[in-house]
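Biologist: I would like to learn how to read a fold feature by feature. Where do we begin?

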Amino acid sequence: MPRSLCSRPSSTPASRRGFLYGLGATLGSVALTDLLAADAAQSASASPLAVKSPMHRPKAKNVIMLFMEGGPGQMDTFDPKPELSRLHKTESNLTGGLEKGFKFFVGSPFKFRRVGQSGIDMCDQWVHLADPFVADELCNFRGCQAESLNHPEALFHMNTGSRLGGDPAIGAWATYGLGSENQNLPGYVVMTELALPQGGATNWSNGFLPAHFQGTRLRPEGTPLLDLQAPAHKSREHQRRALDELQWLNQQHLASSPAIQSDLESRMESYELAFRMQTSVPDVIDLGRETAATHRAYGLDQPETETFGRQCLMARRLVENGVRFVQIFSGGWDSHDYLQRGHSARIRSVDKPMAALIADLKRRGMLDDTLVIWTGEFGRTPDNNKRGGVYSLGRGHNNHAMTMLLAGGGVRGGTTVGATDELGRHAVECVHPIRDLHVTLLHLLGLDDNKLTYFHAGRYKQLSQFGGQVIDELIA
């Protein structure tokens, strides 16, 4: 029988101490003891991040998600629209969107060509990703539709399944369902630029899941994690003794206060993980162990690609060492104006590192079970509005159409799935909401969204919110 991961086992009794504690408060606390028992059952294993068996045979073990914050233009990257170019600067009769007033069509400033044996569409700004060794691994999905036109809500939706924020991120759900293959590293790691994406850490929060499953952010400058190195006057033995004493005190507190069980146990485990990370993380994040040729391949020798290249190389090392879910945020894609300058600069900053990451995973035999995703929070409109009587060559927000790339991890490489209309405004073939994308990603990891649930606020909750369907066309 396939397993079901639920936070509330029905047959686990509460302890005598917990039961009496519940009776000593209010009638509502009697019901609470059942939930406390469920938390106790979940925390009974050696580690909350211990490896768990998938619910069905997985195609992917790890995920690397490359998030282009701001929303790349589908018609300026991987979805050419010749009709839009013909209508360039003519009046638009399209309605909707955030922008008001006189609107005009905006043709893409870039030329397109087909690359690789598969003939994937790519604008001419993509140079390294166009290499057939990489391009033929890509699946271009054009059928996804978002819900919100606002950046924070759309970011929350793509990352957590909810537009409101506060729910667990997809990386948290993945580690909740599968655990981590390396108990000395976080199961879910996030990398950003100096400026956080809109909504900040809410995009990689554990939400209502236990704190073990939240994303761990690596800083883009300086030491990736604060306090990674112990002070010179403290030896490992000194730290171990201090931690053991703290654990004993916490255990005494826990025995007398069952209501704080989940939070306190999460904190205790986080202290232990931090202690283990002090010996494991420095080796994993030491890019000096890589060859000079690898540094050049990822663009670490060029200012415009150094940051994203370093993060992509770090992502490969992290999944290679057992981290379940890695997410990298790259901002600056919100091109309402100066589309040509903005998108060309952003593409140059990610093109070489992305191509190197996919090629590196492929050569190492890791691409088959590592799913790589390239996406934003929504797409862009085929038109824009005049501002101050001037043609503003940019695009507005579009939640009806977007494009994303997937590679490895059991997806159909060298294919284009779905389509948009002749202007790129609406998805018209293989149309699916974001929740179906989330269900599909979990499915590739061997997880069933309908069984991967957590009891919170009176009901069992899941990543898709209320269910969805697997997008079979994406799966090899």
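Modeller: We will go through a sheet, a pair of helices and a few single residues. Keep in mind that this is a predicted model.

Biologist: Start with the sheet. In what order do its 8 strands run, and is the sheet open or closed?

Modeller: The sheet is open, with the order β8-β7-β9-β1-β10-β14-β5-β15. The pairing is mixed.

Biologist: Which strands stand at the edges?

Modeller: β8 (216–218) and β15 (415–417) do. Each has a single partner strand, so one side of each lacks a neighbour in the sheet. On average, neighbouring strands are turned by 20 degrees against each other, ignoring direction.

Biologist: Take the β8 edge. In what sense do β7 and β8 pair, parallel or antiparallel?

Modeller: Parallel, over 3 bridges, with β7 spanning residues 188–191. For a register mark, use V190, which stands opposite R217 in β8.

Biologist: Which helix lies across β7 and β8?

Modeller: That is α10, residues 303–320. It also lies across β1 (62–68) and β9 (325–330), and runs at about 175 degrees to β9.

Biologist: Now β14. How should I read the two faces of a strand?

Modeller: Here is the general idea. In a regular strand, side chains alternate between the two faces of the sheet. Now the case: β14 covers residues 404–407. M404 and L406 lie on one side, L405 and A407 on the other, and all are buried.

Biologist: How many bridges join β14 to β5, and how many join it to β10?

Modeller: 4 bridges join β5 (residues 138–141) to β14. 3 bridges join β10 (residues 370–375) to β14. β5 runs antiparallel to β14, and β10 runs antiparallel to β14 as well.

Biologist: What does L405 face in these pairings?

Modeller: L405 is the bridge partner of N140. W374 also stands opposite L405.

Biologist: On to helices. How do I describe two that pack?

Modeller: Two packed helices are described by the angle between their axes and the distance between the axes. Take α5 (residues 151–160) and α12 (residues 434–444). Their axes come within 9 Å and cross at roughly 30 degrees. That makes α5 roughly parallel to α12, because angles under 35 degrees count as such.

Biologist: Which residues of α5 and α12 meet?

Modeller: From α5, H157, M158 and T160. From α12, I434, L437 and H438. By class, the contact has 3 nonpolar, 3 polar and no charged residues.

Biologist: How many residues of α5 and of α12 are buried?

Modeller: In α5, 8 of the 10 residues are buried. Among them are A154, L155 and F156. In α12, 9 of the 11 residues are buried, so α12 is largely enclosed by the rest of the structure. D436, V439 and T440 are among the buried ones.

Biologist: What covers the buried residues of α12?

Modeller: The cover includes α5, α6 (170–178), β6 (144–145), β10, β14 and β18 (432–433).

Biologist: Which residues follow α5 and α12?

Modeller: G161 follows α5, with a positive phi near 85 degrees. G446 follows α12, and its phi is also positive, near 85 degrees.

Biologist: Now single residues. Is S464 buried or exposed?

Modeller: S464 counts as buried because its relative accessibility is 4%, and buried means under 20%. S464 lies in the segment after β20 (459–461). Beyond its neighbours within four places in sequence, S464 is in contact with R435, V439 and D449. With D449 there is a side-chain polar contact of 2.5 Å.

Biologist: And Q462?

Modeller: Q462 also lies in the segment after β20. At 13% relative accessibility, Q462 counts as buried. Leaving out residues up to four places away in sequence, Q462 touches W173, D449, N450, L452, T453 and G467.

Biologist: Where is S335 found, and what does it touch?

Modeller: S335 sits in the loop between β9 and α11 (339–363). Its relative accessibility is 5%, so S335 counts as buried. Not counting residues up to four places away in sequence, S335 touches G342, H343, R380, G394 and R395. The side chains of S335 and H343 make a polar contact at 3.1 Å. The C-alpha atoms of S335 and G396 are separated by 7.8 Å, though these residues are 61 apart along the chain.

Notes: Residues are numbered from 1 along each chain as its sequence is written. This is a predicted model: local features need pLDDT of at least 70, side-chain atom pairs count only at pLDDT 80 or more; totals for chains, interfaces and linings use all residues. Side-chain values use heavy atoms; hydrogens and water are left out. Axes are lines fitted to C-alpha atoms, for helices over the stretch in contact, and angles run from 0 to 180 degrees between N-to-C directions. Helices (H or I, at least four residues) and strands (E, at least two) are DSSP runs, numbered from the N terminus. Angles under 35 degrees count as roughly parallel, over 145 as roughly antiparallel, 65 to 115 as roughly perpendicular and the rest as oblique. Contact means heavy atoms within 4.5 Å. Ala, Val, Leu, Ile, Met, Phe, Trp, Tyr, Cys and Pro count as nonpolar, Asp, Glu, Lys and Arg as charged, and the others, Gly among them, as polar. Buried means under 20% relative accessible area, exposed over 50%, partly exposed in between (1.4 Å probe, protein chains only). A polar contact is a pair of N or O atoms within 3.5 Å; within protein, one must be able to donate a hydrogen and the other to accept it, and residues adjacent in sequence count only if both atoms are side-chain atoms. Two strands pair if DSSP finds at least two bridges between them.
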